[in-house]
Every structure is written in C-alpha cells, then in structure tokens.
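Me: I would like to learn how to read the packing of helices and strands in a model, one feature after another. Could we go through it together?

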Amino acid sequence: MIRAICLNPAIDRTYYIDGYVPGRPYRQIQPKVDVGGKGINAAKVCAQLGEPVACYGFIGCENGEKVLRTLKDYAIENHFLSVDGETRTTVNIIDHEKGRESEIIEPGPYVSEAQAQALLDELEKGLTAGDVVLCSGISACGVWKDVYVRISQMCGDVGAKCILDTNGANLLDSLRGHYLMIKPNARELTEICGQKQTDDVEALIDMARTLLPVSDYILVSMGGDGGLLVHADGAWMIRVPQVDTVSTIGSGDSTVAGFAVGFSRGCPMEEVVRLAMACGTANALTNSVGLLKHDALESILNQIHIQPIAYAQCV
C-alpha cells in the first residue's frame with residue numbers, strides 16, 4: 001500500500017487574475033477551491049491510478065471536515081487525527097499574462113508532542129514490508145523537526161520504502177534519514193548544495209550525486225524542460241512534451257504519486273520515471289490540483305523521452 005503523510009493539509013483557494021497588480025482591489029472573482037496539501041494531492045493521484053492509498057495527518061474544525069469529505073470521495077483510507085484549531089487555507093494567485101504564481105500560506109494548527117507520537121504510532125501499526133510512504137509537504141507547528149527522519153527509520157525497520165518531497169527548512173531537517181527517492185526542483189537542489197542557481201545539466205547532476213548517501217534516487221524537476229534522475233550507476237535526462245499549461249500547482253505532487261505507483265507495481269525504473277513525469281505533466285493541463293485526465297496521460301506517456309547519461313560524460 002502507498003501511505004501518504006500530509007501533516008498539515010490545506011484548503012487551496014486559487015484565483016486566476018491576468019495582469020495581477022499588488023495593492024489593486026479585485027472584486028467578484030470566484031476562487032477555485034480544492035482540498036490540498038502535498039500528501040493529499042499525491043494520494044488523490046494514486047487513487048485515480050487505481051492504487052490503494054492511505055493518508056495520515058492532522059485536521060481541525062470546519063476545514064478539516066472538508067478534508068475528510070475529499071478522502072471519502074476518492075476512496076482514500078483515512079488516518080487523520082483531530083486537533084484544536086482550524087486546518088489552514090492557502091491562497092494562490094495565478095497570472096497567466098505575466099507567467100507568475102503568488103502564494104500565501106497559513107501556518108495551520110498547533111500539534112502537541114503527544115499528538116505527533118500518536119500519529120507515528122498509527123502509521124507504525126499498519127506499516128508492512130513493501131509499503132511506500134510519501135513524506136510530503138511542510139510539517140505542522142509543534143511536530144519534531146526530524147519527523148521525516150523518524151518515519152524513514154520506521155520504514156527501514158520493517159522493509160518499507162520512503163519518498164521525501166518537501167522543501168526549505170523541512171527538507172534540510174530531513175536529510176539525516178534515508179529515502180528511496182528525493183524530488184527537489186533545480187532551484188531547491190542548488191540551495192541544498194549552497195551553489196548558485198543554474199540550469200546546467202552537468203552541474204545539476206554533480207550536485208545531485210552528493211545526495212546519493214541520503215537517497216537511492218534523486219529526481220530533479222526542471223519544469224517544462226523535464227527532469228533528471230540521478231542514481232548510483234548514472235543519470236537519465238527526461239524530456240516531456242510541450243503542453244498548454246493551465247496551472248502547475250500540484251504537478252510535483254502528481255510526479256511523486258506516479259513514481260510511488262510505478263515502484264509499488266514493480267515496474268522497471270525507466271517505466272517508473274516515465275509514469276512519474278507523465279502524471280506531473282498531465283496535472284498541468286487542468287486547474288484542479290491532483291486531477292488526471294486519463295486520455296491525456298496515455299498520450300503524454302508515449303511522448304516522454306528518456307536518455308541515459310553516464311557519469312563519465314559529466315566530468
């Protein structure tokens with residue numbers, strides 16, 4: 001089973017405003033509302049691909065009820081714990097005219113150490129060998145900084161696999177664990193390695209290789225240019241087709257979901273990566289976060305090109 005950790009889910013309110021100017025009033029603009037958080041976005045994609053999936057995290061008040069309704073709609077197994085306070089709201093402003101996305105992120109409710117331990121106990125109770133656990137998104141206020149490290153160790157103890165998809169301080173705090181895959185984008189990778197931002201493939205591969213003691217695979221997202229998969233024996237350049245992008249929100253989460261599903265099914269790694277990148281690209285065709293159009297997914301799968309790159313070519 002795939003088990004998605006979403007410690008701090010959110011209600012995503014997305015506004016589409018072309019030519020957005022800060023400080024100017026915008027009236028009578030209806031938002032697109034989705035239940036989100038990276039773990040929930042990934043879980044929704046896993047469910048749409050027909051894979052059994054469970055979700056773990058913390059919810060509160062009325063927004064928390066919206067989270068539970070979404071889990072039910074997608075037949076996602078519910079392991080959320082209720083806490084005091086309101087599940088957070090995230091506001092996204094999409095400006096297609098200027099090619100910009102602005103985001104306002106609330107902190108979410110506070111979680112006590114006892115509540116955090118109760119969630120880990122709940123995860124440990126169901127975790128079995130062969131499961132894939134997704135450690136996705138930002139943590140919740142009050143939870144240990146190394147919570148993803150603890151989950152990765154729990155996975156290792158029972159023979160499960162752990163995927164890490166977070167950013168900023170949460171990512172840095174998690175690098176003492178061991179993971180099946182880590183998915184930074186190119187900017188995040190340069191920040192981790194203390195380097196200047198670059199899109200140079202050889203430089204990105206060299207930086208990704210420094211993370212191999214932490215993770216078996218490093219999947220570096222490069223937006224419309226595709227991505228890089230770096231592993232112990234070499235690297236692959238992954239090219240994706242150009243599509244008419246509606247919104248990239250949730251595309252990274254969809255990529256993670258595709259990777260988890262492909263790996264859970266025992267697919268060859270090339271096919272795992274192909275499904276991952278196809279899911280991320282397909283998500284960009286819709287303004288609904290974590291939604292796949294299956295006909296588009298099949299078409300994109302056939303248009304993804306994967307080129308091996310030997311390390312000798314990168315030195």
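Me: At what angle do helix α3 and helix α4 pack, and how far apart are their axes?

Reply: Please keep in mind that this is a predicted model. In general, two packed helices are described by the angle between their axes and the distance between the axes. Here helix α3 (residues 113–126) and helix α4 (residues 147–158) pack at an angle of about 20 degrees, and their axes are 11 Å apart. Angles under 35 degrees count as roughly parallel, and α3 and α4 are therefore roughly parallel to each other. The crossing in which α3 passes α4 is right-handed.

Me: Which residues of α3 meet which residues of α4?

Reply: From α3 come Leu120, Leu123 and Glu124, and these meet Val147, Arg150, Ile151 and Met154 in α4. Sorted by class, this contact of α3 with α4 has five nonpolar residues, two charged residues and no polar ones.

Me: Let us turn to the sheets. What is the strand order in the open sheet of 10 strands, and which strands stand at its edges?

Reply: Strands of a sheet pair through backbone hydrogen bonds, either parallel or antiparallel. In this open sheet of 10 strands the order is β5-β4-β1-β8-β9-β10-β11-β12-β13-β14, and the pairing is mixed. At the edges stand β5 (77–82) and β14 (305–309), each with a single partner strand, so one side of each is left without a neighbour in the sheet. From one strand to the next, the twist averages 15 degrees.

Me: Which strands does β1 pair with, and in what sense?

Reply: Strand β1 is joined to strand β4 (residues 53–59) by five bridges, with the two running parallel, and the bridge partner of Ile5 in β4 is Tyr56. With strand β8 (residues 132–136), β1 also pairs in the parallel sense, over four bridges, and here Ile2 stands opposite Val132.

Me: Are the residues of β1 buried or exposed?

Reply: Strand β1 (residues 2–6) is mostly covered, with five of its five residues buried. Both faces are covered, since Ile2, Ala4 and Cys6 on one side and Arg3 and Ile5 on the other are all buried.

Me: Which strands of this sheet does helix α1 touch, and how is its direction related to that of β1?

Reply: Helix α1 packs on the sheet and touches β1, β4, β5, β8 and β9, while its direction makes about 155 degrees with that of β1. Nine of the 11 residues of α1 (residues 38–48) are buried, so this helix is largely enclosed by the rest of the structure. Among the buried residues of α1 are Ile40, Lys44, Val45 and Gln48. Just after α1, Gly50 takes a positive phi of about 85 degrees.

Me: Where does helix α7 lie?

Reply: Helix α7 (residues 201–209) lies across β11 (215–221), β12 (227–231), β13 (234–239) and β14, and it runs at about 40 degrees to β12.

Me: What is the order of the open sheet of four strands, and what packs on it?

Reply: The order is β3-β2-β6-β7, with mixed pairing, and the edge strands, each pairing on one side only, are β3 (32–36) and β7 (100–105). Strand β6 (residues 88–95) and β7 pair in the antiparallel sense over six bridges, and Asn92 has Glu103 in β7 as its bridge partner. Helix α2 (residues 61–73) packs on this sheet, where it touches β2 (10–16), β3 and β6, and its direction makes about 80 degrees with that of β3.

Notes
Residues numbered from 1 in each chain as written. Predicted model: local features only at pLDDT ≥ 70, side-chain atom pairs only at ≥ 80, totals over all residues. Heavy atoms only, no water. Axes fitted to C-alpha atoms, helices over the stretch in contact; angles between N-to-C directions. Parallel < 35°, antiparallel > 145°, perpendicular 65-115°, else oblique. Left-handed = near helix turned anticlockwise from the far one by under 90°. Contact = heavy atoms within 4.5 Å. Nonpolar A, V, L, I, M, F, W, Y, C, P; charged D, E, K, R; others polar. Pairing = 2+ DSSP bridges. Buried < 20%, exposed > 50% of the residue type's maximum accessible area, 1.4 Å probe, protein only.
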